[in-house]
Amino acid sequence: MTLALYNSLTRRKERFEPLDPNRVRMYVCGPTVYDRAHIGNGRAFVVFDVLYRLLRDLYGKDHVCYVRNITDVEDKINAAARANNEPISALTARTIAAFRDDMAALGALPPDIEPRATEHIAQMIAMIERLIAAGHAYEAERHVLFAVASDPHYGQLSRRSRDEMIAGARVEVAPYKRDPADFVLWKPSAPEEPGWDSPWGRGRPGWHIECSAMSEAHLGESFDIHGGGLDLIFPHHENEIAQSTCAHDGRPFVRYWVHNVFLSVDSTKMSKSLGNFLTVRELLDEAPGEAIRLALLSAHYRDPLDWSEERLRQARRSLDRFYRALTLSRDPVFERFGEAEDALRPVKEALCDDLNTPLALSRLHELVGAINRTSSDAVRSALQRALEEGGRLMGLLQQDPLAWLQGSARDEARRIEAQIALRMAARRERRFAEADKIRAALAAEGVVLEDRPDGSTNWWRRE
Ligand SMILES: [Zn+2]
């Protein structure tokens, strides 16, 4: 089966052909560790986790190398540490641990290599020296800047005009810059800021050079896939291309650029000031990680995804249905037959078509329909195997089905009882319209309440 990916560089869906099928190489920009991951970060890392799983399936799990860095030196980190009044190392250690917990809860496999920027300063300095020697960078007032005018291909990924590039980068117009579009490779550090000795004095790297140096260190000059959120195309990825190709005498850098689209919450852009900023941690208090993961995969990664309670509820219902189908009687003897593989093919084809996860999910639902319909033990067992394997490709359905269903029933009962408690409080306080609204909402999902003459609610049942 061949994989097709949409390449942001050519703006076309292309057949994926790795440079070396024995070592398929992917780099994804990792977190800047100053704050908890939000659900938009969660989307990006879950999407690339599906791609990683698919590549491992297609090329063998020992033939894929996935690098996702940790940006642990960046000005936002310094600002957050100052605001919290804690040492930078304590803030980054705590945030990295939390990030790993969040990713594990979302079912994302750890990458093969997770390089930290602070452990690659020597490689960054070496790359900057090469850029200066080749005439692509210059030192000015203890800064080192990339000379954008020295790279005739600059702008190939974002295809922006020069004015748009300058406006989009919100670049500082600094007197030491030859050109306002030039960007920082190295900058001086004040005594209280983190810094390393360099030929240009004590300082620290700019963000863009971090990824160029870390990808070179672990994947070489040229590799297959570079991923990240759409907002990274400019300036971050544009600058990575400029740095890496210019440091490598113009040799190609990345073959396939893959970008996931934004996530909104209840149809509005997520932002801290709007109060709709959702962290993965907060969502994990409300719902199992697997349901969050399925909800994130329920839209295609190149389509906007609107996060809502309803989408999450829908994801839980899908998982209930999948897991229920896996509890039906099953005979492992029949699973050896090629039928399982045949039944799995449409799911895999959907994923190989530029990671069409919504289509793959609807094909899992079709498998469940067939499992529920068949009266043959042999067919059912093969289809159950296919359902499980299709789930595995997307990082789903790897729990004990009964454990999932019991947990789900418990959560559901807790949620309904919380609504009933709200309704009773409303009734006690004679806010009858509100009480009726809660009752109607529960009735709409098939939950019937039995009120007692004294005004309390006796019990509830499903219609
Ligand atoms: Zn990066």
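Two strands are taken to pair if DSSP finds at least two bridges between them, and the strands and helices themselves are DSSP runs numbered from the N terminus (helices: H or I, at least four residues; strands: E, at least two). The structure discussed here is a predicted model, in which local features need pLDDT of at least 70 and side-chain atom pairs count only at pLDDT 80 or more, whereas totals for chains, interfaces and linings use all residues. Residues are numbered from 1 along each chain as its sequence is written.

It is convenient to begin with the parallel sheet. Four strands make up this open sheet, in the order 4-3-9-10, and the pairing is parallel. At its edges stand strand 4 (64–68) and strand 10, each with a single partner strand, so one side of each has no neighbour in the sheet. From one strand to the next, the twist averages 20° (axes are lines fitted to C-alpha atoms, for helices over the stretch in contact, and angles run from 0 to 180 degrees between N-to-C directions).

Strand 3 (residues 24–28) is joined to strand 9 by three bridges, the two running parallel. Within this pair, Met26 stands opposite Ile225 of strand 9, and Tyr27 has His226 as its bridge partner. Helix 6 (residues 207–219) packs on the sheet and touches strand 3, strand 4 and strand 9, with its direction making about 155° with that of strand 4; contact here requires the C-beta atoms of two residues, placed from the backbone, to lie within 7 Å.

Strand 3 is also joined to strand 4, by five parallel bridges, and Val24 stands opposite Val64 in strand 4. Between strand 3 and strand 4 the chain passes through helix 1, in a β-α-β crossover that is right-handed. The term means that, with the strands pointing away from the viewer, the path from the first strand over the helix to the second runs clockwise.

On the other side of the pairing list, strand 9 and strand 10 (residues 254–260) pair in the parallel sense over six bridges, with Val254 of strand 10 as the bridge partner of Phe223. The chain reaches strand 10 from strand 9 through helix 7 (residues 233–247), and this β-α-β crossover is right-handed.

How is burial distributed over strand 9? Seven of the seven residues of strand 9 (residues 223–229) are buried, so this strand is largely enclosed by the rest of the structure. Strand 4 is mostly covered, with four of its five residues buried. A residue counts as buried if 20 or more other C-beta atoms lie within 10 Å of its own, as exposed if 12 or fewer do, and as partly exposed in between, with C-beta atoms placed from the backbone.

A further open sheet has three strands in the order 12-11-13, with mixed pairing. Strand 12 (268–269) and strand 13 (305–307) stand at its edges, each with a single partner strand, so one side of each is left without a neighbour in the sheet. Strand 11 (residues 263–265) pairs with strand 12 in the antiparallel sense over two bridges, and Val265 has Thr268 of strand 12 as its bridge partner.

Turning to the domains, an automatic or database domain assignment sets the bounds, dividing the protein into domain 1 (4–260), domain 2 (265–399) and domain 3 (407–462). The centres of domain 1 and domain 2, taken over C-alpha atoms, are separated by 31 Å. Their contact takes 24 residues from domain 1 and 27 residues from domain 2. On the side of domain 1 that touches domain 2, helix 1 gives the most, with twelve residues.
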